[in-house]
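Please look over the sequence and the model below before reading on; the paragraphs after it go through a few regions in turn.

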Amino acid sequence: MGRSLRIVGGEVYDPANGINGAIKEICVEDGKIVESCTGPADVIDAANLVVMPGGVDIHTHIGSPAVNAARGFRPEDHRHMHFSAKPGMRSGVGSTVPSTFATGYLYAQMGYTTVMEGANAPIGVRHTHEELIDIPIVDKGLYIELGSNEFILKFIKAGEMEKVKRYVAWLLRSLKAYGVKLVNPGGVEQWKYGKDVKNLDDKVHYFDVTPRQILKALSWANESLGLPHSIHLHANSLGTPNNYLTTLDTMQTLEGSRLHVAHAQFHSYGGENWGGFCSKAAEIAEYINTHPNITTDIGQIVFGDATTITADGPWQYRLYKLSKNKWYNQDIEVESGCGIVPYTYRENNFVNSLQWAIGLELFLLIRDPWRVFLSTDHPNGGPFYFYPWIIRLLMDKPFRDEMLKRVHKRVMPETILKALDREYTLYEIAIISRAGPARALGLKHKGHLGVGADADITIYSKDSDKEQMFEHPVYVIKSGETVLRDGEIVHSPAGKTLFVIPPDVGEMDPTFKTEFENYYTIRYQNFPIDIEDIPNREAIPVGDPR
């Protein structure tokens with residue numbers, strides 16, 4: 001039997017169950033929320049404290065071959081932060097790309113208990129799992145990147161849609177992954193020839209397929225398999241002026257199908273060039289407002305150092321040319337690519353300041369908090385541990401206005417931020433950082449405090465300074481065990497790895513194994529990951545296949 005716990009007297013914010021600040025007792029047994037404890041229980045007096053589910057991050061980059069390459073590429077990053085070993089803990093380093101142990105501790109210190117690794121080339125997933133297993137406390141899953149996978153492109157070119165679906169199912173099953181990710185569909189493959197796709201109908205070299213076809217095919221496969229999360233999309237033309245038109249075209253292409261638009265801030269730009277750079281957040285927000293099939297995370301930038309890591313090689317090359325910073329680029333066999341460029345977002349830089357404002361405009365203009373989620377696209381927009389600062393910006397208009405005065409003077413006339421009076425409530429913060437991401441991921445036992453949910457609970461002190469409040473939880477409870485008390489990590493358990501087992505939709509064509517052996521540097525039989533290689537694991541049910 002596990003620990004029994006009663007949390008009494010707390011002001012509870014549990015949007016999935018419609019609880020908005022009610023004083024309510026929370027009971028825990030065997031790592032789950034229960035109606036009431038059946039026997040003696042430890043008691044936490046939460047009077048005058050705020051109780052929420054543990055945080056859920058739908059999009060972050062915390063462990064993969066790309067993240068590990070970024071750590072090696074940026075030795076200077078290691079000097080900025082160091083976690084000394086304490087009883088039950090391990091040492092860690094890193095600022096924008098923390099090491100595995102530091103990552104788990106930093107998330108737990110904000111009250112987060114579930115995180116999703118945002119992009120992985122299939123061939124590197126074995127490495128990713130090793131890193132995720134090493135990250136303490138939090139539960140985690142990963143998305144596999146398929147937007148430029150050559151087998152996918154080949155099947156689409158041949159019109160063999162059933163093979164697309166079977167291949168996606170085979171990959172998810174073989175790699176113990178959670179969902180399907182697309183990065184600059186077609187553009188990553190095009191970059192292998194030093195080019196990019198210009199629009200959704202630009203044909204990819206050799207395969208003669210378009211980004212629009214890739215989007216439709218993988219969305220169809222995802223829905224046909226009944227996967228709990230929609231396709232998770234890093235859209236084409238990231239970071240470039242006037243890319244909002246591509247973003248709108250993309251959303252229109254998948255109208256009626258579930259879609260998660262990752263880091264929308266980087267896809268909401270207007271202007272024909274950087275000199276005419278402007279916000280198109282209002283246009284993107286309005287489309288999302290009128291199309292309930294879409295969810296999004298913002299990719300809010302924070303000022304200071306960042307490390308950009310993405311399969312989107314064409315964008316990374318552009319950023320290298322713009323910033324003159326060092327640049328890393330890799331072609332990943334027949335699957336994807338990788339680029340890394342260190343970057344610093346500065347308050348006195350017009351483009352950076354307007355990017356900051358665009359993210360906040362999206363947060364404030366998208367009306368339904370159940371469909372817009374907190375992220376920095378860590379570490380692309382800045383480190384995830386700045387979430388409390390972003391929460392303060394959303395909840396405190398005077399603080400937002402003060403920041404607006406500090407940034408580049410050209411931003412004020414270029415943004416509607418000053419005119420936006422909306423201030424997020426605690427209930428809405430609980431949605432965008434907990435209940436909403438869990439619902440979008442199909443994690444029915446996460447992001448809420450109802451009976452049967454995982455006992456992942458964060459308790460905050462009330463504070464008018466919301467940055468301080470969310471930066472320093474009083475308690476963090478993971479699966480019923482107290483892992484943080486008064487700001488200090490007191491227990492460092494292993495988190496679970498979450499993955500899906502897709503339905504049986506048939507075996508791959510016999511020629512697939514031969515082609516795999518011909519093109520990969522790994523043997524076919526060595527590619528799948530044994531379930532026993534993931535010690536703490538949980539399979540998430542899928543819906544009914546179509």
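What follows moves from one histidine to the nonpolar cores and then to a run of paired strands.

The model is predicted, and a suitable starting point in it is His59, which belongs to strand E6, spanning residues 55–60. With a relative accessible area of 0%, His59 counts as buried, because that value falls under the 20% cut-off. Its side chain forms a polar contact of 2.8 Å with the side chain of Asp377 and another, of 3.3 Å, with that of His61. Leaving out residues up to four places away in sequence, His59 touches several further residues, among them Met116, Lys181, His232, His263, Asp297 and Tyr387.

In soluble globular proteins, nonpolar side chains tend to be buried together. Here the largest nonpolar core has 138 residues, and the members that touch the most others are Tyr167, Val168, Trp356 and Phe363. For Val168, the contacts beyond four places in sequence are with Leu146, Ile152, Val180, Leu218, Ala221 and Leu225. Apart from this core lies another, of 19 residues, which includes Val12, Ala46, Leu49 and Tyr475.

Tyr475 also leads into the strands, since its bridge partner in E23 is Arg485. Strand E22 (residues 475–478) runs antiparallel to strand E23 (residues 481–485), to which 4 bridges join it, and the two form a hairpin with 2 residues between them, where Ser479 in the turn has a positive phi of about 50°. E23 is in turn joined by 2 bridges to the antiparallel strand E24 (residues 488–489), in which Ile489 is the bridge partner of Leu484. The hairpin of E23 and E24 likewise has 2 residues between its strands, and in it Asp486 takes a positive phi near 50°.

How values were computed
Residues numbered from 1 in each chain as written. Predicted model: local features only at pLDDT ≥ 70, side-chain atom pairs only at ≥ 80, totals over all residues. Heavy atoms only, no water. Buried < 20%, exposed > 50% of the residue type's maximum accessible area, 1.4 Å probe, protein only. Polar contact = N/O pair within 3.5 Å; in protein donor to acceptor, adjacent residues only side chain to side chain. Contact = heavy atoms within 4.5 Å. Core = buried A, V, L, I, M, F, W, Y, C linked by side-chain atoms within 4.5 Å. Pairing = 2+ DSSP bridges.
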